[in-house]
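User: I am new to reading structures and would like a close look at one part of this one. Please go through it slowly, giving reasons where there are any.

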Amino acid sequence: MTPNPRSLLCELTYRCNLQCPYCYNPLDLGNPRDDLDVDTWLRVLDEAAQLGILQIGFSGGEPTLRRADLLRMVERSTAHGAYTNLITQGTFLDARYLDELLAAGLAHVQISIQAPERESAFAIAGTDVHERKLEALRLVATRDVALTLNCVLHRLNHDALPEVIAFAEREGIRKLELANVQFYGWAYKNRGALIPTREQVERSATIVTAARDRLRGKMEIVYVLPDYFEEFPKPCMHGWAQVALTVTPDGRILPCPAAAAIATLAFPTVRDGSLADAWRDSAAFQAYRGTDWMPDPCRSCDRRERDFGGCRCQAFLLAGDAGATDPACSKSPHHDLVVALRGGGPVPEALPVPRRFTAATPAQHEASSIPSA
Amino acid sequence: MSYRLARGVRLQTSADGEPVLLIPEGIVSLNVSAAATLELLDGTRDADAIAQLLAERFEAPPSELGSDVRTLLDDFVERGFVTT
């Protein structure tokens, strides 16, 4: 029997006032006019509760751009007894709104920074908001809510890792998440410019180990290992359609936030059926669930129930087949594609392309509905 | 030394009646004795007081429970779920 999912990620909108080139959102950000209305989202949250989901994440794009809607969604989730996480870049978090979210039951805020200081952060995000983020960070730290500081690491900021840790220390951060860039969506498009060098990866391991020892009991450091540099793939999502699902701004139901890239699968939507229908019965969710779908080398590998064949999205993006062994695995017949990208590999683009909506959905969408903070 | 749940950590019962600890972006399954211990954290009780209450509830000698309670709390403090 299929276990019930335990967590749901709600992507409220792909609108964002930042243009980070490492964003995992899809290249086609769609049209914000198709974003689900709040009543549909509330129904989705009711369905999540019926499935016994206890963890709800609110992300995007920038979820706080749907200010009033997000508040109602946090309220509804809390009423269902779920734990709520806001994943934000923080630029719209003022004291009044934060306190409204907390009164609605918000349990955890994750704020991201692009770099430890303004100039580099501006260069990466394409928007000058570092100081604004710092204000939000300091504001959240004064409230009774869990706070995580997140920084995505890539070639352009890897060398500033010690300064990122020092920044977190200075700000009294209790939990720091250092996430090496994962190559989906915009990050995949920009992988040539973003993949860290071998030297950066090796140096960062030493820095993180030393910082963890030094800060034990004061700051927890979560370090997400760099993709493409390990011997075995990450146990992506603890297996396809095993514990979590994602709903995109336009209502597609996915087994992971990057899965929309898999063009060979048709994903169910919340407009056509319930989360339970999608989870239990849809062909897309069943496609790579468990171990029956596995080809060799996964099928006969003793790690098959530890890393679940790695990531289906990565297999599709790199090998062109979502049912192949993750090329990040050293046993994959496509592993040379990953090796070629490491460190001194080819650099297709010197500068990364900033995340943006396509010409079909004019740029004004990105700014049109941004509330004045 | 008294104990309480850390910021953003919540004790909850899942839909199948299993006690769980909800933490930022995560769920930790608890056994019955861990859940019973965490229920008693109120920011004023120390390990001895918690062991005493558990002993009454489970009709066991507090001396035996004391070290179990300390081991569990030390572990949860180390993992950031509980603060002193």
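Analyst: What follows is a walk through chain A, starting from a helix and ending at the contact with chain B. Keep in mind that the model is predicted.

Start with helix α3 of chain A, residues 95-103. Its buried residues are A:Tyr97, A:Leu98, A:Leu101 and A:Leu102. Seen down the helix axis, these residues fall within an arc of 140 degrees, so they line one face of α3(A). The background is simple: an α-helix has 3.6 residues a turn, so residues three or four places apart point the same way. The buried residues of α3(A) are covered by elements that include α2, β3 and α5 of chain A. On the other side of the helix, A:Arg96 and A:Ala103 are exposed.

The two ends of the helix can be described as well. At the N-terminal end, A:Asp94 acts as a cap, with a side-chain oxygen 3.2 Å from the backbone nitrogen of A:Arg96. After the helix comes A:Gly105, which has a positive phi, near 110 degrees.

Next, consider salt bridges. Side chains of opposite charge can pair when their charged atoms come close. Over all chains, the structure holds 21 salt bridges. One of them joins A:Arg76 and A:Asp46, with 3.0 Å from N to O. This pair links distant parts of the chain, since A:Arg76 is in helix α2 (residues 67-79) and A:Asp46 is in helix α1 (residues 38-50), 30 residues apart. A:Arg76 has a relative accessibility of 28%, so it counts as partly exposed. A:Asp46 is also partly exposed, because its relative accessible area is 24%.

A second salt bridge is formed by A:Asp69 and A:Arg66, whose closest N and O atoms are 3.0 Å apart. Here A:Arg66 counts as buried, because its relative accessibility is 9% and the cut-off for buried is under 20%. In a third salt bridge, A:Arg216 meets A:Asp213 at 3.1 Å, N to O. A:Arg216 is exposed at 53%, while A:Asp213 is partly exposed at 49%. Salt bridges with shared partners join these two residues and B:Glu78 into one network.

A:Thr127 is a further residue to look at; its place is in the loop between α4 (118-125) and α5 (130-141). With a relative accessible area of 19%, A:Thr127 is buried. A polar atom of its side chain lies 2.7 Å from the backbone oxygen of A:Asn17. Apart from neighbours within four places in sequence, A:Thr127 is in contact with A:Asn17, A:Leu18, A:Gln19 and A:Phe122.

That leaves the contact with chain B. In it, 19 residues of chain A touch 17 residues of chain B. The two chains bury about 1,400 Å² between them, with 52% of that on carbon and sulfur atoms. Of the area that chain A buries against chain B, A:Arg6, A:Leu54 and A:Tyr83 supply 36%, more than any other three residues. Across this interface there are 3 salt bridges, and 8 residue pairs are in polar contact. The strands β3 (83-88) and β4 (108-113) of chain A each supply at least two residues of the side that touches chain B. By class, that side of chain A has 7 nonpolar, 7 polar and 5 charged residues. One charged residue of chain A, A:Asp144, forms a salt bridge with B:Arg7, where the closest N and O atoms are 3.7 Å apart.

Conventions: Residues are numbered from 1 along each chain as its sequence is written. Chains are lettered from A and ligands numbered from 1 in the order in which they are written. This is a predicted model: local features need pLDDT of at least 70, side-chain atom pairs count only at pLDDT 80 or more; totals for chains, interfaces and linings use all residues. Side-chain values use heavy atoms; hydrogens and water are left out. Contact means heavy atoms within 4.5 Å. Buried area is the accessible area (1.4 Å probe) that two parts lose on being put together, summed over both. A salt bridge is a side-chain nitrogen of Lys or Arg within 4 Å of a carboxyl oxygen of Asp or Glu. A polar contact is a pair of N or O atoms within 3.5 Å; within protein, one must be able to donate a hydrogen and the other to accept it, and residues adjacent in sequence count only if both atoms are side-chain atoms. Helices (H or I, at least four residues) and strands (E, at least two) are DSSP runs, numbered from the N terminus. Ala, Val, Leu, Ile, Met, Phe, Trp, Tyr, Cys and Pro count as nonpolar, Asp, Glu, Lys and Arg as charged, and the others, Gly among them, as polar. Buried means under 20% relative accessible area, exposed over 50%, partly exposed in between (1.4 Å probe, protein chains only). The arc is that of the directions from the helix axis to the C-beta atoms.
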